[in-house]
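Biologist: I'd like to go through this chain with you and ask how each label is earned. Can you show it to me?

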Amino acid sequence: MDATREEDERKVVEALAGTVVGKLTVIGPMGRDPSNHKTIKCRCSCGKESYIRLTKILNKKVKSCGCTRGPGRRRISDIAL
Ligand SMILES: [Zn+2]
């Protein structure tokens with residue numbers, strides 16, 4: 001049973017490897033987050049590698065490892081100077 005699931009996950013990783021979503025590039029392998037959601041390892045353009053929820057990658061609902069937040073979180077003066 002587990003072998004089949006692992007095979008499926010390997011195929012997902014193969015299909016998604018190299019996919020770029022925002023600042024993230026999918027590199028695999030897959031994992032699980034504490035809520036037991038499927039995750040996949042990604043490398044962010046900031047250099048950090050982290051496991052991102054698979055559904056967020058598929059729906060492109062994620063843009064980074066978390067190093068960039070939505071607009072308004074950072075003051076322009078903080079980054080412009
Ligand atoms: Zn990042």
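Modeller: Here is a predicted model, and we'll go from the overall layout to single residues.

Biologist: Fine by me. What makes up the secondary structure of the chain, and how many helices and strands are there?

Modeller: The chain has 3 helices and 4 strands. Reading from the N terminus, the order is α-β-β-β-β-α-α.

Biologist: How do you know that S1 and S2 count as a pair?

Modeller: Two strands pair if there are at least two bridges between them. S1 and strand S2 (residues 24-32) have 2 bridges, so they pass, and they run antiparallel. You can spot the partners: Val21 sits opposite Leu24, and Val20 sits opposite Thr25.

Biologist: And how many bridges do the other pairs have?

Modeller: S2 and S3 are joined by 6 bridges, again antiparallel, with Arg32 opposite Lys38 in S3. Strand S3 (residues 38-44) and strand S4 (residues 49-53) have 5 bridges, also in the antiparallel sense. There, Ile40 has Ile52 as its bridge partner.

Biologist: What order do the strands take in the sheet?

Modeller: The order is S1-S2-S3-S4, in an open sheet of 4 strands with antiparallel pairing.

Biologist: Why are S1 and S4 called edge strands?

Modeller: Because S1 (20-21) and S4 each pair on one side only, they're the edges.

Biologist: What links the strands in each hairpin?

Modeller: Short stretches of chain, counted in residues. S1 and S2 have 2 residues between them, and Gly22 in that turn has a positive phi of about 65°. The hairpin of S2 and S3 has 5 residues between the strands, with Asn36 at a positive phi near 70°. S3 and S4 have 4 residues between them, and Gly47 in the turn has a positive phi of about 105°.

Biologist: What makes Asn36 worth pointing out?

Modeller: Asn36 has a positive phi although it is not a glycine. Most residues other than glycine have a negative phi. Asn36 is in the loop between S2 and S3.

Biologist: Is Asn36 buried or exposed, and how do you know?

Modeller: The cut-off for exposed is 12 or fewer other C-beta atoms within 10 Å. Asn36 has 7, so Asn36 is exposed.

Biologist: What about Lys60: where is it, and what is its phi?

Modeller: Lys60 lies in the loop between helix H2 (54-58) and helix H3 (76-80). Lys60 is not a glycine either, yet has a positive phi of about 55°.

Biologist: Why is Lys60 called exposed?

Modeller: Lys60 has 12 C-beta neighbours inside 10 Å, and exposed means 12 or fewer, so Lys60 counts as exposed.

Biologist: Which residue 40 places away along the chain can we compare with Lys60 in space?

Modeller: Val20: the C-alpha atoms of Lys60 and Val20 are separated by 9.3 Å.

Biologist: What makes the peptide bond from Gly28 to Pro29 stand out?

Modeller: That bond is cis, with omega near 0°. Most peptide bonds are trans. Pro29 itself is found in strand S2.

Biologist: Now the inside. Which residues are in the largest nonpolar core, and what makes them a core?

Modeller: The 9 residues are Leu24, Val26, Ile40, Cys42, Cys44, Ile52, Leu54, Ile57 and Cys65. Core members must be buried nonpolar residues joined through C-beta atoms within 7 Å, so this set earns the name. S2, S3 and H2 are the elements giving two or more residues to this core. S3 gives the most, with 3 residues.

Biologist: Which residues is Leu54 in contact with, leaving aside its neighbours within four places in sequence?

Modeller: Lys38, Thr39 and Ile40. Contact needs C-beta atoms within 7 Å, so each of those three meets that limit with Leu54.

Biologist: And how much of the whole chain is buried?

Modeller: Buried residues make up 12% of the 81 residues. To get that label, a residue needs 20 or more other C-beta atoms within 10 Å.

Conventions. Residues are numbered from 1 along each chain as its sequence is written. This is a predicted model: local features need pLDDT of at least 70, side-chain atom pairs count only at pLDDT 80 or more; totals for chains, interfaces and linings use all residues. Two residues are in contact if their C-beta atoms, placed from the backbone, lie within 7 Å.
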